[in-house]
Amino acid sequence: MDSNISSILSSKSSFICELREIKKYFHGVKALDGVDFRIRPGEIHALIGENGAGKSTLVKILTGIYQPDSGDILLDGKKVSFPSAHESQLQGIAAIHQETSMFPELSVVENIFMGHPIKKSNNISLDWRAMRKKTKELLDRLGIILDPESSIKNLSVAERHLVEIVKALSLNARIVIMDEPTSALTMNEVEHLFNIIRQLKKEGKAIIFISHKLDEVFEIADSYTVLRDGHFIGSGRLEEVSMDELINMMVGRSVNQMFPKIEVELGDVVMEVRNLSKFGVFNGISFKLLKGEILGFFGLVGSGRSEVIRTIFGIDDFDSGEILLDGKSVKISDPKVAMKMGIALVPEDRQLQGLILKMKIRENITLPIIDRIAKSFFLNYPKEVEIAEEYGKQLDIKAASWEDAVQSLSGGNQQKVVLSKWLATNPRILILDEPTKGIDVGTKAAVHRFMGELAEKGISIIMISSELPEVMGMSDNIIVMHEGVITARFKRDEATSEDIIKAATGLVKVE
């Protein structure tokens, strides 16, 4: 046999899993159009693409939830099929989703062995002793310090992700899929998770890592596959591609500037906060917000950033201090008062706090101003449609109809609906809490561009973000918090990532 052919065959046999020319249609629409994917044992492979690129569909095919319309799935070089999720699990495939799906009232042990308990020799009674022992062994193997008897409801988000990983190992998973595993984790928790992922890699597990955070992709992954609009765009080693090249593959166009900051001449003070304090939460918070300014707040989870903003918007009370609008002291007793004063808040959790998912796009957008478009007990439907169309088109919400339920939209488009909803109130001050959390690169750039346009129109923006490049790229001024106090203030051209991180971790206070 020719040595080159022999080499190719040997290379092919090294893949633990291959998907070849996978096609999937929904109501005649192509979700996947001839997609290829392959991964080796002991490899961390990033599956990358914007929302709607086809990542979720591919994962559901691999986990037996969907069946491909055509194409082949191979494990260890042999064709297989997964008629159900259970069959996929039996073949050694486990998925850890962004939102963990566990039973909060049950213990760690009970959740890990749910659906595949260890039974005693009579094959009837459950062997709790064996399950506790196995759980302890798996936790120790990964260096996870958790009480197997703890209830899931008492665990942090990070700890719940770790339990999901242990459950995957209890299933003897050879391929572990992680979908946005770091979206709600602190920096320290992310590092701990990455250490465990590296341990799984050493054990020969194949890890499919899905994330919108490209800095994390480059830190943890070995290789990549990019999907766009249901098509396979390319794959390779991450060490052989730049971030700009990867973004270009994802969005189909060059994204030279992820943070299109529009330089705006800042105006007068719109809002001033003086010595705002809430016992045990934050203390002595003072700052000024100017007309047309984007004021960035940065801090680690637990720093008190979101709590300060909730207080300003009237959701929570405070013990002492003062809030001034246009130089006059005001009392914001609840969000309704804040809205009347021209303040709008786009919350961090768009699905739980920002939207009513089963309601229509039109209804969500006009909900905060429903009193303005109602006559007696009747809604002005044409006016409602007009408003939905105005803001929907302004933010380029991709939907077949404004009558579609919001839950049918991608994460990025859901975020645009939340923005539309609050912009319809014509705010003077717009508070954005994690405005681009969990959305793809292309949508992030669109949101950033829109923020700049709003500032140019004179709207003042307070932006809370855990993404340092976003804070540095979009803010005119930056406030850093740690454990409830402001530890540093920076002007845009003076800020460095090192100084901001030092202030956020409490290593230095330079205010």
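**Figure 1. Serine 211, a buried residue in a loop.** In this predicted model, serine 211 has a relative accessible area of 6%. Residues under 20% count as buried, so serine 211 belongs in that class. Look for this serine in the loop that runs between β8 (206-210) and α8 (214-220). Which residues does serine 211 touch, leaving aside those up to four places away in sequence? They are Leu47, Glu180, Glu216 and Val217.

**Figure 2. The cavity and its lining.** How many cavities of 30 Å³ or more does the structure hold? There is 1, and the volume of the largest cavity is about 50 Å³. Its lining is made up of Leu19, Phe37, Leu47, Leu58, Val59, Leu62 and Ile208. Leu47 may look familiar, since serine 211 touches it as well. Helix α2 (residues 55-62) provides the largest share of this lining, with 3 residues. Sorted by class, the lining has 7 nonpolar residues, no polar ones and no charged ones.

**Figure 3. A salt bridge between aspartate 33 and lysine 30.** Side chains of opposite charge can pair when their charged atoms come close. Here the side chains of aspartate 33 and lysine 30 meet in a salt bridge, at 3.3 Å from N to O. Are the two partners buried or exposed? Aspartate 33 is buried, with a relative accessible area of 19%. Lysine 30, at 42% relative accessibility, is partly exposed.

**Figure 4. A salt bridge between aspartate 72 and lysine 79.** In this view, the N to O distance between the paired side chains of aspartate 72 and lysine 79 is 3.6 Å. Aspartate 72 has a relative accessible area of 29%, so it counts as partly exposed. Lysine 79 reaches 62%, and because residues over 50% are called exposed, that is the label for lysine 79.

**Figure 5. A salt bridge between glutamate 322 and arginine 274.** The closest N and O atoms of glutamate 322 and arginine 274 are 3.8 Å apart in this salt bridge. The pair links distant parts of the chain, with their positions 48 residues apart: glutamate 322 sits in strand β14 (residues 320-325) and arginine 274 in strand β11 (residues 269-278). Glutamate 322 is partly exposed at 27% relative accessibility, and arginine 274 is partly exposed at 36%.

**Figure 6. A salt-bridge network.** Here Glu191, Arg198 and Glu219 are joined into one network by salt bridges that share partners. How many salt bridges does a search of the whole structure find? The total is 21.

Definitions and conventions:
Residues are numbered from 1 along each chain as its sequence is written. This is a predicted model: local features need pLDDT of at least 70, side-chain atom pairs count only at pLDDT 80 or more; totals for chains, interfaces and linings use all residues. Side-chain values use heavy atoms; hydrogens and water are left out. Helices (H or I, at least four residues) and strands (E, at least two) are DSSP runs, numbered from the N terminus. Buried means under 20% relative accessible area, exposed over 50%, partly exposed in between (1.4 Å probe, protein chains only). Contact means heavy atoms within 4.5 Å. On a 1 Å grid over the protein atoms alone, a cavity is a set of points where a 1.4 Å probe fits but cannot get out, and a pocket is an open set with protein on both sides within 12 Å along at least five of seven lines; lining residues have an atom within 4 Å of a point. Grid points are joined across faces, edges and corners, and a volume is the space filled by probe spheres set on the points. Ala, Val, Leu, Ile, Met, Phe, Trp, Tyr, Cys and Pro count as nonpolar, Asp, Glu, Lys and Arg as charged, and the others, Gly among them, as polar. A salt bridge is a side-chain nitrogen of Lys or Arg within 4 Å of a carboxyl oxygen of Asp or Glu.
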